[in-house]
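I opened this notebook to keep track of what I looked up, and in what order. The entries begin with a loop and work outward to the sheet, the charged pairs and the chain as a whole.

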Amino acid sequence: MSEERAVQAVIHLYVDGMTYAHEAALRKAFHPKACIIGNYDGAVEWLSLEDFIGAVTSEGAAPAGTQPLIQIEALDVTGDAATVKVVDEFAGMRFSDYLSLLKIEGRWMIVNKLYHLHS
């Protein structure tokens, strides 16, 4: 599998984890020390992975049969570092996510998520 495909697989795991409130998928996609940052309700939101997973699971899974929105708009891999811009939806809101990934011990993981909530 190419590095680009391996990164795309992590992005799909992440979006599916959000869409279906699947905690194990999110834990596999993210590094435990990852930060999730963006403007939400007029304030800068800084979340730990635990806070983010808590927010996703408290929202609950999308209805059965929901097709997750996943539009990868940019993907760049250089060695063991990668960035991805993906448009997705969560809880009826559309986001542009800027994800930084690092290959650690042979596995790609999201180490940082910077998001923009579309109005």
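**Entry 1: the loop between two helices.** I started at Ala21, which sits in the loop between helix H1 (3-19) and helix H2 (23-29). I note at once that I am reading a predicted model. What drew me to Ala21 is its phi, which is positive at about 50° although the residue is not a glycine. I keep in mind that most residues other than glycine have a negative phi.

**Entry 2: other positive phi values.** I then went to Glu105, another residue other than glycine with a positive phi, here near 50°. Glu105 is placed in the loop between E5 and E6, and I count it as exposed because its relative accessible area is 82%. In the hairpin of E4 and E5, where two residues stand between the strands, I found Ala91 with a positive phi near 55°. The hairpin of E3 and E4 also has two residues between its strands, and there Gly79 takes a positive phi near 60°.

**Entry 3: the order of elements.** I listed the secondary structure next, and the chain comes to three helices and six strands. Following the sequence, I read the pattern as α-α-β-β-α-β-β-β-β.

**Entry 4: the sheet.** In what order do the six strands lie in the open sheet? I traced them as E2-E1-E6-E5-E4-E3, with mixed pairing. The edges are strand E2 (43-48) and strand E3 (70-78), each of which pairs on one side only. Direction ignored, I have neighbouring strands of this sheet turned by 15° against each other on average.

**Entry 5: pairings strand by strand.** I worked through the antiparallel pairs starting from E3, which is joined to strand E4 (residues 81-90) over eight bridges; within this pairing, Val77 has Ala82 in E4 as its bridge partner. E4 in turn runs antiparallel to E5, and 10 bridges join them; here I noted that Phe90 is partnered by Met93 in E5. Strand E5 (residues 93-104) is also joined to strand E6 (residues 107-117) by 10 bridges, again in the antiparallel sense, and in this pairing Asp97 has Tyr115 in E6 as its bridge partner.

**Entry 6: salt bridges.** How many salt bridges does the structure hold? I have six in my list, and I recall that side chains of opposite charge can pair when their charged atoms come close.

The pair I examined in most detail is Glu50 with Arg27, whose side chains meet at 2.7 Å, N to O. Glu50 lies in helix H3 (residues 49-59) and Arg27 in helix H2, so this contact ties together parts that are 23 residues apart in sequence. I record Glu50 as partly exposed at 47% relative accessible area, and Arg27 likewise as partly exposed at 35%. The two also belong to a network of salt bridges that links Glu23, Arg27 and Glu50.

On the strands, I found Glu73 in a salt bridge with Lys85, with the closest N and O atoms 3.3 Å apart. This pair links distant parts of the chain, since Glu73 is in strand E3 and Lys85 in strand E4, 12 residues apart. Glu73 is partly exposed at 46% relative accessibility, and Lys85 is partly exposed with a relative accessible area of 24%.

I also logged the salt bridge in which the side chains of Arg94 and Glu89 meet at 2.8 Å, N to O. Arg94 is partly exposed, with a relative accessible area of 37%, and Glu89 is partly exposed with a value of 37%.

**Entry 7: the chain as a whole.** I closed with the overall dimensions. Why does the radius of gyration agree with a compact globule? For 119 residues such a globule would have a radius near 14 Å, and the chain has 13 Å, so I take the two values to agree. Along its principal axes, the C-alpha trace spans about 35 × 35 × 25 Å.

Of the 119 residues, I have 35% counted as buried. The chain exposes about 6600 Å², of which carbon and sulfur atoms supply 52%. Lastly, I looked at contacts between residues at least 6 apart in sequence, and 50% of these join residues at least 24 apart.

Conventions. Residues numbered from 1 in each chain as written. Predicted model: local features only at pLDDT ≥ 70, side-chain atom pairs only at ≥ 80, totals over all residues. Heavy atoms only, no water. Pairing = 2+ DSSP bridges. Helix = DSSP H or I, 4+ residues; strand = E, 2+ residues; numbered from the N terminus. Axes fitted to C-alpha atoms, helices over the stretch in contact; angles between N-to-C directions. Rg over C-alpha atoms; globule rule 2.2 N^0.38 Å. Buried < 20%, exposed > 50% of the residue type's maximum accessible area, 1.4 Å probe, protein only. Contact = heavy atoms within 4.5 Å. Areas by Shrake-Rupley, 256 points an atom, 1.4 Å probe, with all protein chains shown as cover. Salt bridge = Lys/Arg side-chain N within 4 Å of Asp/Glu carboxyl O.
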